[in-house]
Amino acid sequence: MSAAADFVVVANRLPVDRGDDDADPWRRSPGGLVTALEPVVRSTGGAWVGWAGQPGLEIEPFEFDGVHLVPVALSAEDIAQYYEGFSNDTIWPLYHDVIAAPTYHRTWWEAYVRVNRRFAEAAAAAAGDGATVWVHDYQLQLVPRMLRELRPDLVIGYFHHIPFPAYGIFSQLPWRTQVLDGLLGADVIGFQRVADAGNFARAVRRRFGYETRAGSIRVPTDGGHRTAVAKAYPISIDTASYEELARRPEIQARAAEIREELGNPGAVLLGVDRLDYTKGIRHRLKAVGELFDEERLGAGDATLVQVASPSRERVAAYMQLRDEIELAVGRINGDHDTMGFTAVRYLHHSYPREEMVALYLAADVMLVTALRDGMNLVAKEYVASRVDGGGVLVLSEFAGAADELTQAVRVNPHDIEGLKDAVMTAIEMPAEERRRRMRALRRRVRDNDVAAWSARFLGDLRAVREGRA
Ligand code: G6P
């Protein structure tokens, strides 16, 4: 089966994490992408090509839970240069509108090319004749072109999970031509927002002069041209599984217990993010801190629970951010805590999905204040979990989710006064308005769940295949 899969997913990470138990080392990783794609991969007898998340692990392909996994080995140097370097210290800050300064190193670029080739070769070896290959995200932008050259028979999709910036920013990249050419190797190039797809099409026009029209790009080939689709396919979550968890009595009891443990404050505010400078955690803390300073909130009125899961901890910008956040939390709590009350409960951990759903149910107000975010699935998870119809979502207009979740309280997180007002509006929102907004939000997250998302994308890939036949 391995050398002849009809459907192959290629992503930086495998859908499993390696634990400590050598006899039973693999655990399914909890991410939404895994939930979305694993059933498709399993039902097609497909394969998943990715990195196992640790340095130097040379593992032969293996079966896990009905899926054929093809590990790509990364050395410590590859991790430093391709993953922490080019992916997360060049492309990540550049594509998030240079919130942090991108670093351009030629050695990192060389590692990115080298590792992308390794992924492309592994995918080419796993894919059967005329197979469909779906490549994911910014770590692998060169794979579509490399794969097309290795295997012109394949149908190739690429989905970009993060923003694609405006040309004035993108054009800083010393390797902008190669990256665009890499992406144009795909038949369907998917983005989160209409604006991202537009930015990509504009970059293609500016660099290559290709004709682009309503989501299709005329790409010249040796003998003529082909059409690449470049459109928005907003990603979502496995809505039903969040609803199911939120209905469980033990999770509802846990939600009540969380409120109790926090001392039953007037309002529980919640932030849930990877500890990343794109998420606007500092802005959120500043706003909440000032509300206490100015006595718009007093002890017992509100507690902010901030879950910040550890991420990319060897990249300097992430280390610095952690220090800044922890300093800010310490200051706010030092100024405003009492023996029985804490203003900010800061948790530098990740939690299982059950605990997250309990937290969502416990939170009166969810604060998603990203400075820039491809989509932000936390916003959708919160909405899906509110089976009780309660809760208020405060959502940054710079998160991709804002295009769909129009009934949220919208904020510009750079505007600290506006952010403070939005937090107060959310806390004080009349029950009727709260329910009306949540009803509309829930409808949207139910209609566009992750299965609908992957079906739309794969449907467009199928149309490419049929067009070729
Ligand atoms: C974002 C990216 C993903 C990435 C995830 C976690 O959501 O779009 O590609 O996997 O962050 O980051 P990590 O660097 O730990 O894989």
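**Exercise 1. Find which elements the buried residues of helix H12 pack against, and explain why H12 counts as largely enclosed.**

Solution. The structure is a predicted model.
Step 1. List the packing partners. The buried residues of H12 pack against three helices and three strands: helix H8 (239-247), helix H9 (249-261), helix H13 (377-385), strand S13 (267-274), strand S14 (302-309) and strand S16 (365-368).
Step 2. Identify the buried residues. In H12 they are Glu355, Met356, Val357, Ala358, Leu359, Tyr360, Leu361 and Ala362.
Step 3. Compare with the length of the helix. H12 spans residues 353-362, and eight of its ten residues are buried, so the helix is largely enclosed by the rest of the structure.

**Exercise 2. Describe the place of Ala363 and state whether this residue is buried or exposed.**

Solution.
Step 1. Locate the residue. Ala363 sits in the loop that runs between H12 and S16.
Step 2. Apply the cut-off. A residue is buried under 20% relative accessible area. Ala363 has a value of 1%, so Ala363 is buried.
Step 3. Look for its contacts. Leaving out residues up to four places away in sequence, Ala363 touches Val268, Leu270, Tyr382, Arg386 and Gly391.
Step 4. Set sequence beside space. Ala363 and Ala402 are 39 residues apart in sequence, and their C-alpha atoms are 20 Å apart.

**Exercise 3. Carry out the analysis of Exercise 1 for helix H4 (residues 143-150).**

Solution.
Step 1. Name the buried residues: Val143, Pro144, Arg145, Met146, Leu147 and Arg148.
Step 2. Draw the conclusion. Six of the eight residues of H4 are buried, so H4 is largely enclosed by the rest of the structure.
Step 3. Name the partners. The buried residues of H4 pack against H3, helix H6 (176-183) and helix H16 (450-468), and also against strands S7 (127-136), S8 (155-159) and S12 (225-232).

**Exercise 4. Describe the largest nonpolar core and where its residues come from.**

Solution.
Step 1. Give its size. The core has 101 residues, and Phe119 and Phe200 have the most contacts inside it.
Step 2. Find the main contributor. Helix H3 (residues 106-126) supplies eleven residues, the largest share.
Step 3. Check the domains. Domain 1 (5-235 + 451-468) and domain 2 (239-447) each give at least three residues to this core.
Step 4. Examine Phe119. Beyond four places in sequence, its contacts include Val10, Trp51, Tyr82, Leu140 and Val143.
Step 5. Note the other core. A second, separate core has 70 residues, among them Trp134, Tyr242, Val357 and Val445.

**Exercise 5. State how far apart the two domains lie and how many residues each gives to their contact.**

Solution.
Step 1. The C-alpha centres of domain 1 and domain 2 are 31 Å apart.
Step 2. The contact takes 21 residues from domain 1 and 20 from domain 2.

**Exercise 6. Describe the surroundings of the ligand.**

Solution.
Step 1. List the residues around the ligand: Arg13, Tyr83, Asn88, Asp137, Tyr138, Gln139, His161, Ile162, Arg274 and Arg312.
Step 2. Read the polar distances to ligand oxygen atoms. A polar side-chain atom of Arg13 is at 2.7 Å, and one of Tyr83 is at 2.5 Å. For Arg312, an N or O atom of the side chain is 2.9 Å from a ligand oxygen.
Step 3. Consider the cover. Alone, the ligand exposes 380 Å², of which the protein buries 69%.

Note on methods
Residues numbered from 1 in each chain as written. Predicted model: local features only at pLDDT ≥ 70, side-chain atom pairs only at ≥ 80, totals over all residues. Heavy atoms only, no water. Core = buried A, V, L, I, M, F, W, Y, C linked by side-chain atoms within 4.5 Å. Buried < 20%, exposed > 50% of the residue type's maximum accessible area, 1.4 Å probe, protein only. Helix = DSSP H or I, 4+ residues; strand = E, 2+ residues; numbered from the N terminus. Domains from an automatic or database assignment. Contact = heavy atoms within 4.5 Å. Near = heavy atom within 4 Å. Polar contact = N/O pair within 3.5 Å; in protein donor to acceptor, adjacent residues only side chain to side chain. Areas by Shrake-Rupley, 256 points an atom, 1.4 Å probe, with all protein chains shown as cover.
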